[in-house]
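Here is a friendly walk through the empty spaces of this protein and a few of its charged pairs. Keep the structure open beside the text as you read.

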Amino acid sequence: MLGRLGMTSPEELFADVPGDVRKRSDIGAGMSEMDTVSKISGMLKKNVTGADIPCFMGAGAYRHYVPAAVDHVTGISEFYTSYTPYQPEISQGMLQALFEYQSVVCELTGMDASNSSMYDHATALGEAARMCSRMCKGKTFVIPEALSAEKRSVLRNYLTGTGIRTVTYGFDKRTGSLISDDISDTVGKGDVCGVYAEMPNLFGCLDKNVASIRSKIGDVPLVIGVNPMCMPIVRSPGDMGADIAIGEGQPMGTRLGSGSPLLGMFACRQEHIRKMPGRIVGMTSDAGGSTAFCLTLQTREQHIRRSSATSNICTNEALTAVAAAVYAVTMGADGMIDTAKRNMERAGALRSLLSAVKGIELVFDNVHFNEFVIKMSKDPAKVNSELLKKGVMGGVPMKGHVKGMDDCMLIATTEMHSDEDHRKLAGALKEVL
């Protein structure tokens, strides 16, 4: 290759790459495959995951039990190794699996139609804001002050260049619930294309005020973000008057990883379906009259004129969507209801336990699903470092998410935490604080 290029050395080939970047790492001499595997395995043993020690982080991604059936079905090679399933010639099996996923999402959210998935909750929020601007002429998207920094950042990127700006509404400092008058005041000023709320909210509160938003905003599009795990026991977005429902589907059948593969849920009412991003799998009949599945709608830049596309998303989270469908079917309605109740019970038990620890104060007086906020007498980030030394992963520090809450931490618990796990966290916090 060097000869064809008229060069004499690799250094000459890479001369355009800055020298400080070209420095070779001193990784030593080569090793056999067996020795390499042994060395790398030793390095990986230093990693500690939520499966090794109790982990109380949440804020969108959670450790729930994954039934064996989920791994079995998603491990089938036709699912596990399939190419990004958006081509018209995609297999009937994958199309049917995604159709079942869409059906699950519609049943959980109370909406008429679901797409076959987005990347995650944050990107689904960005797409929802842009969809609202196609449904309504306003240029203001109203979001909660209590919104995670990640979602806020992704939303800002999605709205860049659209002319859409965001305005926030506040929350009650005692209950953590949204202040509906803030929303109605903003909408009353006009130029609003959509309103976004969450159930549960960032603080883990099951905010009853979300149900009142529809009556406050008239015909302005309403987007409600959900945790699908609590949907079996609370009012659905559809029941609360939402036009669009989004959420993070990771809790349904996907384990936590290094960031984890995530799953953006996105559903809407029938009248808005042609403005929805992504693609939709539909059920139809083939030439012989047998049931068949096809991509019914795919209004994206790779399939239609770029200027008419609803989104430039060029893939979907097919494998995690299949996992979510298998999880929901395996658990069934009774199983998901039971799991939701157990999560609420675990959160209530842990709140009571931590409220007795000196240096900890419960922040909000409200009904919580599976996470809640505590105020601490020491810096939450430093507390987490100390907790790790004691074999516990703490919660998510609120610094950077909500102003004025730098001394607060979001604690999450699920059905995977035992009473002993709760006692271990409480005992470690007592020592650290």
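In this predicted model, the lining of the second largest pocket is made up of nine nonpolar residues, two polar ones and one charged one. The space inside this pocket comes to about 250 Å³. If you would like to select its lining in your viewer, pick Val-104, Glu-107, Leu-108, Met-231, Pro-232, Val-234, Ser-236, Ala-328, Gly-332, Ala-333, Met-336 and Ile-337. Two elements, helix H7 (92–109) and helix H12 (318–355), each give two or more residues to this lining. H12 gives the most, with five residues.

Next comes the largest pocket, whose space is about 1000 Å³. It has 44 lining residues, and the closest to its centre are Gly-58, Gly-60, Ala-61, Tyr-62 and Leu-256. At least two lining residues come from each of helix H8 (121–135), helix H9 (149–159) and strand S5 (222–226). By class, the lining of the largest pocket holds 20 nonpolar, 16 polar and eight charged residues.

What about enclosed space? Searching the whole structure turns up two cavities of 30 Å³ or more. The largest cavity has a volume of about 100 Å³. Among the 13 residues that line the largest cavity, Pro-144, Ala-146, Tyr-169, Leu-178 and Asn-201 are the closest to its centre. Its lining has six nonpolar, four polar and three charged residues.

The second largest cavity holds about 40 Å³ of space. Around it you will find Cys-55, Met-57, Tyr-62, Arg-63, Leu-256, Ala-412, Thr-413, Thr-414 and His-417. Five of these lining residues are nonpolar, three are polar and one is charged. Two names may look familiar here: Tyr-62 and Leu-256 line this cavity and are also among the residues closest to the centre of the largest pocket.

Now for the charged pairs. Side chains of opposite charge can pair when their charged atoms come close. How many salt bridges does a search of the whole structure find? The total is 11, and three of them are set out here.

| Salt bridge | Closest N to O distance |
|---|---|
| Arg-214 and Asp-243 | 2.9 Å |
| Arg-235 and Asp-239 | 2.8 Å |
| Asp-407 and Lys-375 | 3.9 Å |

Take Arg-214 and Asp-243, which form a salt bridge. Arg-214 sits in helix H11 (residues 213–217) and Asp-243 in the loop between S5 and strand S6 (244–248), so this pair ties together parts that lie 29 residues apart in sequence. Is Asp-243 buried or exposed? Asp-243 is buried, with a relative accessible area of 10%.

In the salt bridge between Arg-235 and Asp-239, Arg-235 is partly exposed, at a relative accessible area of 44%. Asp-239 also counts as partly exposed, at 48% relative accessibility.

The side chains of Asp-407 and Lys-375 meet in a salt bridge as well. This pair links distant parts of the chain, 32 residues apart: Asp-407 is in the loop between strand S12 (396–397) and strand S13 (408–412), while Lys-375 is in strand S11 (residues 371–376). Asp-407 is partly exposed, with 26% relative accessibility, and Lys-375 is partly exposed too, with 34%.

Note on methods: Residues are numbered from 1 along each chain as its sequence is written. This is a predicted model: local features need pLDDT of at least 70, side-chain atom pairs count only at pLDDT 80 or more; totals for chains, interfaces and linings use all residues. Side-chain values use heavy atoms; hydrogens and water are left out. On a 1 Å grid over the protein atoms alone, a cavity is a set of points where a 1.4 Å probe fits but cannot get out, and a pocket is an open set with protein on both sides within 12 Å along at least five of seven lines; lining residues have an atom within 4 Å of a point. Grid points are joined across faces, edges and corners, and a volume is the space filled by probe spheres set on the points. Ala, Val, Leu, Ile, Met, Phe, Trp, Tyr, Cys and Pro count as nonpolar, Asp, Glu, Lys and Arg as charged, and the others, Gly among them, as polar. Helices (H or I, at least four residues) and strands (E, at least two) are DSSP runs, numbered from the N terminus. A salt bridge is a side-chain nitrogen of Lys or Arg within 4 Å of a carboxyl oxygen of Asp or Glu. Buried means under 20% relative accessible area, exposed over 50%, partly exposed in between (1.4 Å probe, protein chains only).
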